[in-house]
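Colleague: Before I trust any labels on this one, could you walk me through how they were assigned? I'd like the cut-offs next to the values.

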Amino acid sequence: METGEAGARCWRLDGAGQTMVFAAYEDRVPALIYMGEALPLYENLEALAASLRPPVGQVMLDEPLDLTLTPEAGRATPGHPGIRGDSHQGQNWHTQFRLTSVLTSTSQAVEFELSDSTVGLTLNIHVTLDPETGVAAFRQKLTNSGGRPYAVDWLNAACVPVPQHLVQHLSFEGRWCNEFREQRADWQKGIYARECRLGRTSHEHFPGFVALSANANDLEGQALAFHLGWSGNYRMVAQELPDGRRSVQYGALLEMGEVMLSSGESYETPVLYVAQSSQGLSGIRQRFHAFLRSQILQVPEWYKSRPVHYNCWEAVYFDHSVEKLSALAEKAADAGAELFVLDDGWFGKRDDDTSSLGDWFVDENKYPQGLTPLINHVKSRGLRFGIWFEPEMINEDSELYRAHPDWILHAEGRDRMLGRNQLVLDLTRSEVQEYLFERIHEILSNNAIDYIKWDMNRSIVLPADQFGRPASNAYVQALYSLLGRLRKAHPNVVIESCSSGGGRIDYEILKYTQRVWLSDSNDARERWRMQAAASLFLPPEVIGSHVGPDECHTSGRRLSMNYRGAVAASCHMGYEADLTVLGEKDLSELKGWSAFYKKHRKFMHEAHIYVHTTSTQDVIAMQMVSRDRDQFLLFVGQQSVPASSSTSALRLAGLAEEQTYTVSALNAEGISATANRVLAGVDWREHSLTLSGASLMRAGVALPIQFPETMLVFEGRAERDR
Ligand code: DGJ
């Protein structure tokens, strides 16, 4: 095939039914020219590159401006550049990198090395394609190979082109107690950017983004999804260029002067994860879940079953007494809990949220004999023991602050801003790291503690280190290093990432932690929506979900135990309420949901997840299909009053077409006789339904009409399984 003058050098990666093709024209920065369903191995990549290279129109520069992995202003990129910096007071901003070598080139990884000898920079671009899951990982490293310092303002982990048929995008916004709100919009010419400057992934700007075809839903259509593995400030730029091309760039957001490279020093971007699907959002979900399960999470053996938690926060808040907590542990054990987590309030003089952060010593007034009597009591009931820390923070009213007022992130001479009465410790100082490591290490070493809930309850603003330099980036790196050191010293201790609920959730923090606290809202209705949305990136076993009090503390809503139990049991189940005041009916229902969770958790935590939502969003259903497709669970949550006077058939997913399944309602007592005057088709209270996977997926099932804020759970089993 004639490739004409476009003649490009090309590389390809293949795995899990996916192909990625890169092309470099002349010796310039390579571009990702294709990411999608597998191409034949014999494909002529140079011809592909030629076929995709757009013509140059009138009144344009005389050469094509390729959308490379790092678009350069110095090559007149028509859009947002992938690199910005300066080594000579404004004179060396215009890089023109040349490809000098390809350090790795296998079917699963490629590493390009480029250099700009005028500015004095070396750029390494790494890309891998996971052969099991098809998830691609991009990162870049910039090294100062010249003599003068180089200030990095921005370096993208990659610029990924978005194909023309993906005309819409989906992103996430939110707030405390209302995380993971989806917003879908059409691409338009110009830039849609998200910048997070809150020092954590934040409730407001979860670092995830999806480009989709107009018809894309959970099961159909094309999608290309992005997630930045980074727990701090970031920038995402989704742009449609004047010539119609679209792309997405992600990278850490750096403040002016934050990364200053001396000769020989390097800056490395966080990792950008990208997955592609031709089966709608569920295809993205399956890839990301499999990737997180196999490549990111490191879970100690004892925690693999995801034991049922009991967390005392909403039962006692700061009002700790060994007696009360022991009584709660007994009730929790009786209901089915397997891990007791002692939340905020056990240290210093922490009677409310105004003091003691930093003083990681057991409060002798509340625990005169230390934590041991409580831990022994908890363990005697067969539960493991976990404890809350908020290591990164300090209250002005603390012994630590009185001793080391200079240990905080703070710009000298600037007004300080408190959040929940607290300041942020400067983790980039080695003495701060040492103090925190020693304190946590001592508590873990002298008490039989299996679990840490690692909290972080304020955003980080004006993050100046002791020299007055911006330190957001270094702060996040220091956090990883503290977590890594603790994980190494206590490899069996599990850590949960909590940040006033879902303020710090990403794939990098999940390399050090095993569970996320999705939201401070234990309101089952809100939770159900959030769990479904977050499930695009997170499998159910990673998402902590607790049965809260009957009147929700963050919304005032009253919800039935059956509803609360089902919502919690669909993810990583726990309870967080005063169980000593629970009536018998509620206790027995809670026990029922714990038993349900324990019976199904193994399969749920390996399952393929599908989300089915009505266009009016009044029903959100989640289906979990076992890997061998012999079993499934279907949770049908009625969010609000049904939008239609009856239900239409809900089409299932992920089943074996030729397999026959028997479907039954597991909580048929929850089917309202008032809402369903006549169960005309299947009376689920007495009967099950036997149909082929093909019919269940293509025709579907008309389910009962539900009252709002209720959940029905159905189980399907392959006939040969019964
Ligand atoms: C915020 C967390 O999200 C809550 O679950 C609880 O741990 C409190 N902090 C304790 O202060």
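Modeller: Sure, polar contacts come first: a polar contact is a pair of N or O atoms within 3.5 Å; within protein, one must be able to donate a hydrogen and the other to accept it, and residues adjacent in sequence count only if both atoms are side-chain atoms. Keep in mind that this is a predicted model, where local features need pLDDT of at least 70, side-chain atom pairs count only at pLDDT 80 or more, and totals for chains, interfaces and linings use all residues. Residues are numbered from 1 along each chain as its sequence is written, and side-chain values use heavy atoms, with hydrogens and water left out.

Colleague: What makes the pairing of D455 with a nitrogen atom of the ligand a polar contact?

Modeller: That nitrogen is 2.7 Å from an N or O atom in the D455 side chain, so the pair falls within 3.5 Å and qualifies. For N457 the distance to a ligand nitrogen is 3.4 Å, and for D520 an oxygen atom of the ligand is 2.4 Å from a side-chain N or O atom. Taken alone, the ligand exposes 290 Å², of which the protein buries 97% (Shrake-Rupley areas, 1.4 Å probe; for residues, only the protein chains shown count as cover).

Colleague: Which residues come nearest to the ligand?

Modeller: D343, D344, K453, D455 and D520, out of 13 around it (a heavy atom within 4 Å). The shell divides into four nonpolar, three polar and six charged residues (nonpolar: Ala, Val, Leu, Ile, Met, Phe, Trp, Tyr, Cys and Pro; charged: Asp, Glu, Lys and Arg; polar: the others, Gly among them).

Colleague: Why is Q638 called buried?

Modeller: Its relative accessible area is 4%, and buried means under 20%, with exposed over 50% and partly exposed in between (1.4 Å probe, protein chains only), so Q638 is buried. Q638 sits in strand β33, residues 631–638. A polar atom of its side chain lies 2.9 Å from the backbone oxygen of S640. Its contacts (heavy atoms within 4.5 Å), not counting residues up to four places away in sequence, include Y563, D618 and F707.

Colleague: And how do you know that the radius of gyration agrees with a compact globule?

Modeller: The rule is 2.2 Å times the number of residues to the power 0.38, and the radius is taken over C-alpha atoms. With 722 residues that gives a value near 27 Å, and the protein chain has 27 Å, so the two agree. Buried residues make up 61% of the chain.

Definitions and conventions:
Helices (H or I, at least four residues) and strands (E, at least two) are DSSP runs, numbered from the N terminus.
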